[in-house]
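Work through the exercises below with the structure open. Each task is followed by a stepwise solution.

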Amino acid sequence: MVPSETSLKNLDLTLLAQRLGRLCKQLGVEVTAAESCTGGGVASAITSTAGSSAYFTTGYVTYANAAKTRLLGVPEATLAEHGAVSEEVVNAMVAGACRESGAGLAVAVSGVAGPDGGSDAKPVGTVWLAWGDTAAQEAECFHFPGDRQAVREQAVRQALVGLEARLNEREKASKTH
């Protein structure tokens, strides 16, 4: 479930992080974040909750393409062919973050927060997010309105909402098996 633009802006990061923490503990899942345009905002939101070291031990801020390759194993050819703000790159970031950290679930964020750097194909506010693990990833492109801070904040919220949704899916699946 993707919240509407208005409801996304109203979601409290602390509440989202607390709900995420409860689910992680309940399911015994460690999460990680691989971030570019959010610059560590997802990791900061998660670790603002006391006890988060039980389910969040590693995060990656890979702002430069070279860092995406060096720390997460994103192929240089993928970056060259698709650009950092792409489905292929965030999927590779998720897989790499889980592989390198040992976490069972990751979120990756790469986008154009502005005010510069946009193009006709990828205007300011374009943000790709992906969630998953080493075996499977699910990516989605968002177009967040507002200035640099607003784009980054919305991306952090969406990242947390997406982590929570995937943990809820895992919880439901575990109850049916």
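**Exercise 1. Find the residue of β4 that stands opposite A108.**

Solution. This is a predicted model. Step one: β3 covers residues 105-111 and β4 covers residues 126-132. Step two: the two strands pair in the antiparallel sense, over six bridges. Step three: the residue of β4 opposite A108 is A130.

**Exercise 2. Place the β3 and β4 pair in its sheet, then add the helices that lie across the strands.**

Solution. Step one: five strands form an open sheet with mixed pairing, in the order β2-β1-β3-β4-β5. Step two: β2 (59-61) and β5 (137-143) are the edge strands, each pairing on one side only. Step three: neighbouring strands of this sheet are turned by 10° against each other on average, direction ignored. Step four: α6 lies across β1 (31-35), β2, β3, β4 and β5, and runs at about 140° to β3. Step five: α7 (residues 148-176) lies across β3, β4 and β5. Its direction is at about 25° to β4.

**Exercise 3. Is N91 buried or exposed, and which residues does N91 contact beyond its neighbours within four places in sequence?**

Solution. Step one: N91 sits in helix α6 (residues 87-101). Step two: the relative accessibility of N91 is 15%. The cut-off for buried is under 20%, so N91 counts as buried. Step three: beyond those neighbours, N91 is in contact with A130, Q137, E138 and A139. A130 is also the residue opposite A108.

**Exercise 4. Classify the packing of α2 against α7.**

Solution. Step one: the axes of α2 (residues 13-27) and α7 come within 10 Å and cross at roughly 30°. Step two: angles under 35 degrees count as roughly parallel, so α2 and α7 are roughly parallel to each other. Step three: their crossing is left-handed. Step four: α2 contributes L13, L16, R19, L20, L23, C24, Q26 and L27 to the contact. From α7 come V156, R157, L160, V161, L163, E164, L167, N168, R170 and E171. Step five: by class, this contact has 11 nonpolar, two polar and five charged residues.

**Exercise 5. Do the same classification for α4 and α6.**

Solution. Step one: α4 and α6 pack at an angle of about 40°, with their axes 9 Å apart. Step two: the two helices are therefore oblique to each other. Step three: the crossing of α4 and α6 is left-handed. Step four: K68, L71 and L72 in α4 meet V89, A92, M93, G96, A97, R99 and E100 in α6. Step five: the contact has six nonpolar, one polar and three charged residues.

**Exercise 6. Where is V74, and which residues does V74 touch, leaving out those up to four places away in sequence?**

Solution. Step one: V74 is in the loop between α4 (65-72) and α5 (76-82). Step two: V74 has a relative accessible area of 0% and is buried. Step three: with those residues left out, V74 touches K68, T69, L79, V89, A92 and M93. K68, V89, A92 and M93 also take part in the contact of α4 with α6. Step four: V74 and E88 are 14 residues apart in sequence, and 9.2 Å apart in space, C-alpha to C-alpha.

**Exercise 7. Is S119 buried, partly exposed or exposed?**

Solution. Step one: S119 is found in the loop between β3 and β4. Step two: the relative accessible area of S119 is 38%, and S119 is partly exposed. Step three: S119 and K68 are 21 Å apart in space, C-alpha to C-alpha, and 51 residues apart in sequence.

Conventions. Residues are numbered from 1 along each chain as its sequence is written. This is a predicted model: local features need pLDDT of at least 70, side-chain atom pairs count only at pLDDT 80 or more; totals for chains, interfaces and linings use all residues. Side-chain values use heavy atoms; hydrogens and water are left out. Helices (H or I, at least four residues) and strands (E, at least two) are DSSP runs, numbered from the N terminus. Buried means under 20% relative accessible area, exposed over 50%, partly exposed in between (1.4 Å probe, protein chains only). Contact means heavy atoms within 4.5 Å. Two strands pair if DSSP finds at least two bridges between them. Axes are lines fitted to C-alpha atoms, for helices over the stretch in contact, and angles run from 0 to 180 degrees between N-to-C directions. Angles under 35 degrees count as roughly parallel, over 145 as roughly antiparallel, 65 to 115 as roughly perpendicular and the rest as oblique. A crossing is left-handed if the near helix is turned anticlockwise from the far one by less than a right angle, and right-handed if clockwise. Ala, Val, Leu, Ile, Met, Phe, Trp, Tyr, Cys and Pro count as nonpolar, Asp, Glu, Lys and Arg as charged, and the others, Gly among them, as polar.
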